[in-house]
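Please look over the sequence and the model shown below. The report then takes up selected residues and side-chain pairs.

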Amino acid sequence: MENNEEIQRGISAVQNGMYQEGIEILEGVLAKSSEFLIKNHPEIWAYIQVNLGVAFDFLSETEDKKINLEKAIKVYELALPIFEKGKRRASAGAHLSFFFAAASAHFICFCGSTASVARRLSRRS
């Protein structure tokens with residue numbers, strides 16, 4: 001896959017705490033190849049979403065808490081159905097559910113609103 005090097009660079013940036021750089025790289029990959037990835041490599045697409053979620057979640061600790069937490073929750077929600085359908089449903093789905101719950105909890109703590117998070121969590125049941 002031609003984007004493999006870019007994907008690895010973006011994930012590496014996120015893993016090394018360079019969240020904004022990782023977001024820019026991974027969003028660039030999705031801007032160019034999202035449709036192809038969803039169709040041909042859905043787990044890679046979902047893994048990119050999870051890494052974006054991690055980056056937004058950590059970024060929320062230093063800037064734009066509400067906006068970054070909302071973005072984290074959104075991308076976790078996008079990725080979860082892919083993992084639920086895949087072969088790694090139990091481990092990956094549980095792991096992603098943890099990230100989703102953590103981002104939701106941060107949102108509640110920092111933004112003081114439980115209504116939208118409660119609605120989202122009730123749909124998970």
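What follows covers two side-chain pairs, one backbone angle and two buried side chains in a predicted model.

**Aromatic pair**

Searching the whole structure gives 1 aromatic pair. Tyr-19 and Phe-58 are its partners, and the geometry is stacked. The ring centres lie 5.3 Å apart, with 5° between the planes. That angle counts as stacked because the planes are under 30 degrees apart. The pair links distant parts of the chain, 39 residues apart. Tyr-19 belongs to helix α2, residues 19–40. Phe-58 belongs to helix α3, residues 42–59. Phe-58 is partly exposed, at 39% relative accessibility.

**Salt bridge**

The salt bridge count is 1. Glu-6 and Lys-32 form it through their side chains, at 2.9 Å from N to O. Glu-6 sits in helix α1 (residues 4–15) and Lys-32 in helix α2, so the bridge ties together parts 26 residues apart in sequence. The two partners fall into separate accessibility classes: Glu-6 is partly exposed at 24%, whereas Lys-32 is exposed at 55%.

**A positive phi**

Asp-64 is not a glycine, yet its phi is positive, about 40°. Most residues other than glycine have a negative phi. Asp-64 is placed in the loop between α3 and α4, the latter spanning 65–85. Its relative accessible area is 49%, so Asp-64 counts as partly exposed; exposed would need over 50%.

**Two buried residues**

Which residues does Gln-49 touch, leaving out those up to four places away in sequence? They are Leu-30, Val-75, Leu-78 and Ala-79. Gln-49 itself lies in helix α3. At 5% relative accessibility, Gln-49 is buried.

Phe-83 is in helix α4. Phe-83 is buried too, with a relative accessible area of 7%. Its C-alpha atom is 9.1 Å from that of Tyr-47. Along the chain, Phe-83 and Tyr-47 are 36 residues apart.

**Accessibility at a glance**

| Residue | Relative accessible area | Class |
|---|---|---|
| Gln-49 | 5% | buried |
| Phe-83 | 7% | buried |
| Glu-6 | 24% | partly exposed |
| Phe-58 | 39% | partly exposed |
| Asp-64 | 49% | partly exposed |
| Lys-32 | 55% | exposed |

Note on methods. Residues are numbered from 1 along each chain as its sequence is written. This is a predicted model: local features need pLDDT of at least 70, side-chain atom pairs count only at pLDDT 80 or more; totals for chains, interfaces and linings use all residues. Side-chain values use heavy atoms; hydrogens and water are left out. Rings of Phe, Tyr and Trp (its six-membered ring) pair if their centres lie within 6.5 Å; planes under 30 degrees apart count as stacked, over 60 as edge-to-face and the rest as tilted. Helices (H or I, at least four residues) and strands (E, at least two) are DSSP runs, numbered from the N terminus. Buried means under 20% relative accessible area, exposed over 50%, partly exposed in between (1.4 Å probe, protein chains only). A salt bridge is a side-chain nitrogen of Lys or Arg within 4 Å of a carboxyl oxygen of Asp or Glu. Contact means heavy atoms within 4.5 Å.
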